Amino acid sequence: MSRKSTQVAMGGVATGLCLLLMFLTAMLPFAEYALPAMAGIVLIAVVVENGTKNAVVVYAAVSLLSLILVPRPEAAMLFVFFFGYYPILQFRLDRIRPKALQYLVKFLQFNVAVVAAYFVIINLFGITEILEDFGDFGRYSALVLLALGNVFFGVYDFAVSNLRYVYIHWFRPKFLRKTG
């Protein structure tokens with residue numbers, strides 16, 4: 001099979017797998033956060049095997065189809081605004097030196113993305129139930145949830161880095177028989 005057809009096939013499979021994970025958000029409780037994160041992790045293989053440009057095409061396709069087809073708009077927006085592109089972007093962010101600046105840029109990017117996503121969810125989609133869910137939790141609940149989101153992001157960043165390493169150094173040579 002030619003290189004181009006392999007790239008197209010892998011892009012199609014990755015898009016389908018990401019969309020399957022996004023559709024499952026409607027069936028599983030609390031999945032609107034975990035499954036978009038898992039769908040983004042699928043893009044690690046696309047970046048490694050086909051490059052950044054092809055991974056961005058898969059991200060764009062999944063994002064567009066998620067916004068149209070996925071029953072949970074919050075999950076679709078989280079994929080579009082953060083989880084879908086972060087595994088692609090992380091390849092570049094990991095090159096920033098010193099490490100302190102790298103983490104500052106990563107956390108700043110995460111916070112801007114999450115605030116933008118919820119701004120769009122509340123104001124553009126009109127999903128005000130999110131605000132009503134905070135009711136008795138207090139006026140600082142959004143800040144507390146953002147702080148908890150930052151803890152989750154630290155874990156997610158670590159997981160994506162390690163999964164990328166495992167994919168490149170264990171899975172790829174063992175199952176795909178490719179090197180380099």
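Glu-32 is found in helix α2, and this helix is a convenient place to enter the structure, which is a predicted model. With a relative accessibility of 12%, Glu-32 counts as buried, because buried means under 20% relative accessible area. The side chain of Glu-32 makes a polar contact with the side chain of Arg-72, at 2.4 Å. When residues up to four places away in sequence are not counted, Glu-32 touches Thr-25, Arg-72, Glu-74, Ala-75 and Leu-78.

The residue just before it in the numbering, Ala-31, also has its place in helix α2, which covers residues 31-50. Ala-31 counts as buried because its relative accessibility is 4%. Arg-72, the partner of Glu-32 in the polar contact, can be located from Ala-31 as well: Ala-31 and Arg-72 are 41 residues apart in sequence, and their C-alpha atoms are 9.8 Å apart in space. The residues that Ala-31 touches, again not counting those up to four places away in sequence, are Leu-24, Thr-25 and Pro-36. Thr-25 is thus a residue touched by Ala-31 and also by Glu-32.

Further along helix α2 lies Ile-41, and here the surroundings can be described in another way. Ile-41 is partly exposed, because its relative accessible area is 23%, and partly exposed covers the range between the buried limit of 20% and the exposed limit of 50%. Between the C-alpha atoms of Ile-41 and Phe-83, which stand 42 residues apart along the chain, the separation is 8.1 Å. Beyond the residues up to four places away in sequence, Ile-41 touches Pro-87, Tyr-156, Val-160 and Leu-163.

From single residues the view can now widen to the interior. In soluble globular proteins, nonpolar side chains tend to be buried together. The largest nonpolar core of this model holds 39 residues, and the members that touch the most other members are Leu-43, Phe-79, Phe-82 and Tyr-156. Two or more residues of this core come from each of α1, α2, α3 (52-69), α4 (73-83), α5 (86-93), α6 (99-123) and α8. The largest share, 11 residues, is supplied by α2. Phe-79 shows what surrounds one of these core members: leaving out residues up to four places away in sequence, Phe-79 touches Met-22, Pro-36, Ala-39, Gly-40, Leu-43, Tyr-59, Val-62, Ser-63, Gly-84 and Tyr-85.

Helix α3 offers another buried position, for Ser-66 has its place there. Ser-66 is buried because its relative accessible area is 0%. Apart from its neighbours within four places in sequence, Ser-66 is in contact with Leu-19, Met-22 and Ala-76. Met-22 is therefore a residue in contact with Ser-66 and is also touched by Phe-79.

The last part of the tour concerns empty space. Rolling a probe the size of a water molecule over the atoms shows where such space is left. The second largest pocket contains about 390 Å³ of space. Its lining is made of 17 residues, of which Met-10, Val-42, Ala-45, Tyr-167 and Phe-171 are the closest to its centre. At least two residues of this lining are supplied by each of α1 (3-23), α2 and α8 (141-176), and α2 gives the most, with six residues. By character, the lining of the second largest pocket divides into 13 nonpolar, two polar and two charged residues. Helix α2 therefore returns in both descriptions, because it provides the largest share of the largest nonpolar core and gives the most to the lining of the second largest pocket.

Note on methods:
Residues are numbered from 1 along each chain as its sequence is written. This is a predicted model: local features need pLDDT of at least 70, side-chain atom pairs count only at pLDDT 80 or more; totals for chains, interfaces and linings use all residues. Side-chain values use heavy atoms; hydrogens and water are left out. Helices (H or I, at least four residues) and strands (E, at least two) are DSSP runs, numbered from the N terminus. Buried means under 20% relative accessible area, exposed over 50%, partly exposed in between (1.4 Å probe, protein chains only). Contact means heavy atoms within 4.5 Å. On a 1 Å grid over the protein atoms alone, a cavity is a set of points where a 1.4 Å probe fits but cannot get out, and a pocket is an open set with protein on both sides within 12 Å along at least five of seven lines; lining residues have an atom within 4 Å of a point. Grid points are joined across faces, edges and corners, and a volume is the space filled by probe spheres set on the points. Ala, Val, Leu, Ile, Met, Phe, Trp, Tyr, Cys and Pro count as nonpolar, Asp, Glu, Lys and Arg as charged, and the others, Gly among them, as polar. A nonpolar core is a set of buried Ala, Val, Leu, Ile, Met, Phe, Trp, Tyr and Cys residues joined through side-chain atoms within 4.5 Å. A polar contact is a pair of N or O atoms within 3.5 Å; within protein, one must be able to donate a hydrogen and the other to accept it, and residues adjacent in sequence count only if both atoms are side-chain atoms.
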